[in-house]
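Colleague: I would like to learn how to read a few features of this fold with you. Could you take me through them one at a time?

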Amino acid sequence: MAKMISGAVAFEMPERKPIIPWDALPATIKPDKYIATPGANFGCAGNSRYMNEIFDDSSHTEVVWQPDVYHEAADLAITNKLKRVIDLGCGNALKLKASFDVNSFEIVAVDFKASLASAKENFPKATFVECDFSEWSEAVGVAVQLSKIDVPTVIIVSDVIEHLLDPRPLLALVRTILASNPSNRVLFSTPDRGELEYAAPNSFPANKAHVREWTLEELCEFLTAAGFHVNRAGHTRPNKFDPIYSTSFVECSFRKKEYENFLVGMGIPAGMATTALLVTTEYPGINRAGGIGTFVASQFTLDSQSAVLIVDENADASQQRLLFSKALFSIEDLKDLPSEDIALKCVEQVLFFVPTLQSVEFQDYTGVGCRLAQAKSSGLLPDSLRTIVHCHGNLYYIENASERWFNIDQDTIAEREKISIELADKIIFPTTYLRNLYIENGIAVDSFRVEIIPYWYDTPTGADINYSDVDTLVFIGKQNRMKGFDLFCNALSANICEKLQEAGISKIVIIGPKVPNEEPCDTDSIRRSFIVEEHNQFDHARLLEFIEANRESSLFIQPYRADNFPLAVYDVVANGGTLLAAKAGGIPEIFQSDGWADCLFDATSASLAEKLIEATGWPTGVRANIHQKLIANIISNNQRAVDLKGVGRVTATKPSRLLSSTVVIPFFNTYLGYVRELFLALNEQSLAPEEVIIVDDASAQANVEALRKLAEETLRYPYRIISHEHNLGLAGARNTALAECKTDLLLNIDSDDIPLTNWIKNIVRALSRNPKAAVAVPYLQGFGDGENFNVWGERGKYIYRAIGDGFVISQAQNVLGHANSGVRVSLARELGGWGHSNKAKWEDWAFYLNTIAKGHRIAIIPTIDCLYRVRPDSMVRTYTEWPALKRIAQANSVLPRFESIQLQRQIRGSVEKTGRLSYLNQRIASLERERFDLSSHVELLLLHVGKIEEQLNTFRNRKIIRLVHQISVRLARYPKLRRVVVKSVRASWRAARCAKRAASAVLQR
C-alpha cells in the first residue's frame, strides 16, 4: 500500500483488487449506428441531466475512487512495454503519482485548469496539459498535440465520462491518440447504473455531479459505436470502503482498418485522411442540381481527401461515396430542424469521427452554412477548422440578374446568406464582378479574407474540329429574363430572320426549362421562319452530348444578363462549341484570351442581332482559332484553381484574454423557489463572473429580506443587491446594472430562468473573439412551469434559435435575440442602454434593433445555453401588445421618428396581408382536397354501382331466373292463380328451411 504526504494530509493508495470479468461480453458488438449521438443519449437508457454539479477533485479525502483502474493501467503498461501514461481527468494526480514511476514512464496529466493547480503541486515531475473535455476546440488541439509522439501509450479515463454533457470531444481525443500506435490502449471506468440498485432502470444518477450513467453493456455498445474495439470488460470496486463491484471497467484498442471501412461505408471515402468537408444542398444525380452541384462535384473530384455532405432530407441517399445527414442521425433527431442547423449538427458529428478535419466549405446560396460560421466565430468549433464560403450568388445576385425584387415575406434567407459570408474565415469568389456586387449589397467583405479563384473544370477537348458553315442557332438556359431568353427572342425580328435565312440558318434549338410565372416570349414569328426544336428536360450529360454532336455547324447563344460564372460557358467551349455570350456579369472575366472579346455582345437585343449576323459569316478557320485559344484558357484557369486552393488560409485565433463579466438579475417579487434554482445554476458555471448584481425593482420589503438571506446562504460569487425606490421595469433594472457594472461585459439572466453550465463561458468567449459584436445570444430552450427542467434532450421542445441580423425583418418578428444574453458594456452605454421611458415588454428586442441600426453586430452562439420558464402570468403573456409595438417602432434611432413609425406600419400591414393570404390559400387548398375527396367518393360509388349492375345482369341471365320471370309474366294474367302459386312457393321455402335446421341439429348431436 503506497503512502505519501500531500500538504498536511496523508494519501494511501489502496492495494489492488482484481477486476471481475464480464462473462457475457460478446465476441463482436454490433450497435445501432445512431447510438453515438445526442438524440440517443449516447446509448444510455437512463435519464440524464442538462446540468450537473461541477466536481472538484483538487482536494483530498480518505476516499480514493476507482483505484484498481490505475493498478490495471500499471500492469498493462509493464506487460505490453508501454512507455507513456496519459491520465485524462487526472484530478489531484495522487493516484497517478502512486501508480507510476516518473523515471520509468513519460507521465502526462490532463484536466481542467482548476484541477491542474493541485495536480502540479502534488506531482511536479509530470507533464501537464490543460483541456476542457467538453470543448471541441480544446479537445481537438490536445488530440493533435499528444498523437504526434509515436510512443506506446496507456490512456486512463477514470471517473470522467459520466461528468460530461457531451462526451464526443473526449472520445475523439482518445481515439486520435489510440490511432497513432497500434499498441496503444485505453482504460475507461464509470459507475454502472445497473449495479447501483436504483428504484427504476431509467433513474437519474444519484450523484448530482453525474450527467448520465451507463450499464456495462450500454457502455460497451456506445464505445463500439464511437469507433473503439472492446478487448475486455468487467466490474471493479468504486473505492476500498464499498464492497459492491458497481463500477464498469472497459479496456479498448483501435483497429484502423475496421474504422476506415466504417467511415467509407458511412459516405466518407477518404476515411481518416479526410481533410475537407464540402457542405451542399445539391449534387448531380442526387437532386435537381445546377451550377452549385456541378461545382461541388468538381471540387470532390479535384480533392481526394474531401467528403461531400448533402443537406437535403429528400435527396436520393443511395450513392455510397456521399455523406447524407440520414447516415449520421435518425429522422427523429432531424425532424423540424432548419437546414442550417442540420448542417451544424452533422459537422459536429463528422468532427467526432474525423477530429483532424481541417476545413468545412459551404455555399453562400440559401445560407446553409450560417450556423457553421457562427459556431466557429463564437468558439464552439476548433480553431484548427477553417470555415470557407464559396460565393456563387445570393438572393440579391439573383434579383439583380432577373432585374426585379423578390417577395420573400418573412423568410430570413438574405440574412442567413449575409452571416455565412461575413463570419467565414475565408471567402472565395470566382469573379471580381460578384465580389463587387456583394459589396454593393452591403455585405462586409474584408479583403484579407477574400480570394478570387476561377471554377475548375474537367479536362476539355483540345482536338481539331472540322467546323462547317453555320445552319443552327442554339439557345442554352432557362427561359427567363435572368438568362436573357427575351433578348434572344426579340433579337430574331422579321428583318433579322430574313438575313439569317440568307446566311444559311435553317433551325433554332432552345435547350432549357420553362419557368413558371415568367412572362412568355413570342416564338411564333421565329417558327414561321425556322424549324424550331425545344428540349426542356435535358440533364447535364445530354446537354454535353448535344453540344458535341452539333458543334461543327452551330452557334451557341447565352445572352445571360448578369450571371456570375456560369459553367454552361465552359460546357459549350470545352466541348468544341462556338459560343456567343452577353458582355455582362462575370462572363467577360472567364477568359483572358483576345479571341473571347469577339464572342461577346452587349446585353441588348440589337447587339445580339448584330453579333448573330456577324458570327454566321465567320470563316471556319476563325472559329477553330477561337476554340483553341479558349481551350488553352480553360487549362490555365484549372491550374490557377489548383494553385490557389488553400492559399492565404485564415483562421480565427484565440483572444489574448477573456473579457471580465458581471451577471445582472432583475428582481421584482419573484417566487424565491425560482430564484434559488437560478442561484444553484449560477454556482455551477464553468467560468465564474467577477460579480453578480441583483437589481430589486421596488419589491415588497419582506421579499427583499428573504432574497438577501437566500443570496447569502446560496450564492458562491461576490454579489450586490441594489434596490429602486420606485418600480422602473426591466429596462430600468438593466440600466441600473449597466451604470454600476465595473467589468467589460454585462450578462443578463431573468430571475425565473436557468443558465446552463457554459452560459457565461460561451458568451464571454464569443464577445472576446468578436470585437465588432455588441451582444452575444445563445439558443434558448423552453420548459413549462412546474416541469423538471433538468432533463436531457431536445426532441419535442421549444427552441428559440435567433438569427442575429435583419433590421427590417425584425420590425415584425424578433429574429435578433432573447433577454438572457450578454452585452459589451462600453457599446451598451454608447447606445444609451435599454429604453425605459415606459414599461412595455420587448425592451430587449428594441435594444437589439437599435444595436444593429448603429452598425454593431449580434453574435449568435448556436447551442442551447439557457432554459426559459414558460409561465402563464409572465410579462410576455400578460402585458398588452400595443405599447410594445410602439416601443419597437420607436427603437430605430437612425430614421426620423415619423419615418420609423411609417416603416413599422408598412411592414406590419404587409405581414397581416400575407397572413390573411396564407389563410385563404390554406382554405382554398383545404376545399380542393375536399373536392378531390368527394370526386374520389363519387368515382368509387359509380364503380360499385357498375359492379352491382353487372352482377344483376348476370343474375337476370341465369336460366332459372328467366324461366321464373316468364312464368310470372304469364301468371300475371290470372291474379287469383298467381296468389295461390306465390303462397305455395313461400310455404315450400319455409318448409325447406325448417328441414335444413332440423337436419343440422341432428348432425350436431
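Modeller: Gladly, and let us begin with a strand pair: strand S18 (residues 472-476) and strand S21 (residues 554-558) run parallel and are joined by four bridges. Strands here are DSSP runs of E with at least two residues, helices are runs of H or I with at least four, and both are numbered from the N terminus. Two strands pair if DSSP finds at least two bridges between them. This is a predicted model, in which local features need pLDDT of at least 70 and side-chain atom pairs pLDDT 80 or more, while totals for chains, interfaces and linings use all residues. Residues are numbered from 1 along each chain as its sequence is written, and side-chain values use heavy atoms, with hydrogens and water left out.

Colleague: Which residue in S21 does Thr472 stand opposite?

Modeller: Thr472 faces Ser554. The pair belongs to an open, parallel sheet of six strands, ordered S20-S19-S18-S21-S22-S23. Strand S20 (531-535) and strand S23 (600-601) are the edges, and each has a single partner strand, so one side of each lacks a neighbour in the sheet.

Colleague: How should I read the side chains of a strand, say those of S15: which residues point one way and which the other?

Modeller: In a regular strand, side chains alternate between the two faces of the sheet. In S15, Arg386, Ile388 and His390 point one way, Thr387 and Val389 point the other way, and all are buried. Buried means under 20% relative accessible area, exposed means over 50%, and partly exposed lies in between (1.4 Å probe, protein chains only). With five of its five residues buried, strand S15 (residues 386-390) is therefore largely enclosed by the rest of the structure. Across the protein chain, buried residues make up 54% of the 1005 residues.

Colleague: What pairs with S15?

Modeller: Strand S14 (residues 359-363) is joined to S15 by five bridges and runs parallel, with Val360 partnered by Thr387. Strand S16 (residues 426-429) also pairs with S15 in the parallel sense, over three bridges, and there His390 is partnered by Ile428. S14, helix H12 (residues 370-378) and S15 form a right-handed β-α-β unit; right-handed means that, with the strands pointing away from the viewer, the path from the first strand over the helix to the second runs clockwise.

Colleague: And how do I read empty space: how many cavities of 30 Å³ or more are there?

Modeller: Rolling a probe the size of a water molecule over the atoms shows where empty space is left. On a 1 Å grid over the protein atoms alone, a cavity is a set of points where a 1.4 Å probe fits but cannot get out, and lining residues have an atom within 4 Å of a point. There are three cavities of 30 Å³ or more, and the largest has a volume of about 90 Å³. Helix H8 (291-302), strand S11 (276-280) and S14 each give two or more residues to its lining, and H8 gives the largest share, four residues. Among the lining residues are Phe295, Glu361 and His390.

Colleague: Last one: why is Cys252 not bonded to Cys220?

Modeller: A disulfide is a covalent bond between the sulfur atoms of two cysteines. The cut-off here is a pair of cysteine sulfur atoms within 2.5 Å, and the structure holds zero disulfides. The sulfur of Cys252 has its closest cysteine sulfur in Cys220, 7.1 Å away, which is too far for a bond. Cys252 is also buried, at a relative accessible area of 0%.

How values were computed:
1 Å grid on protein atoms, 1.4 Å probe; cavity = no way out; pocket = protein on both sides within 12 Å on 5 of 7 lines; lining within 4 Å. Points joined across faces, edges and corners; volume = space filled by probe spheres on them.
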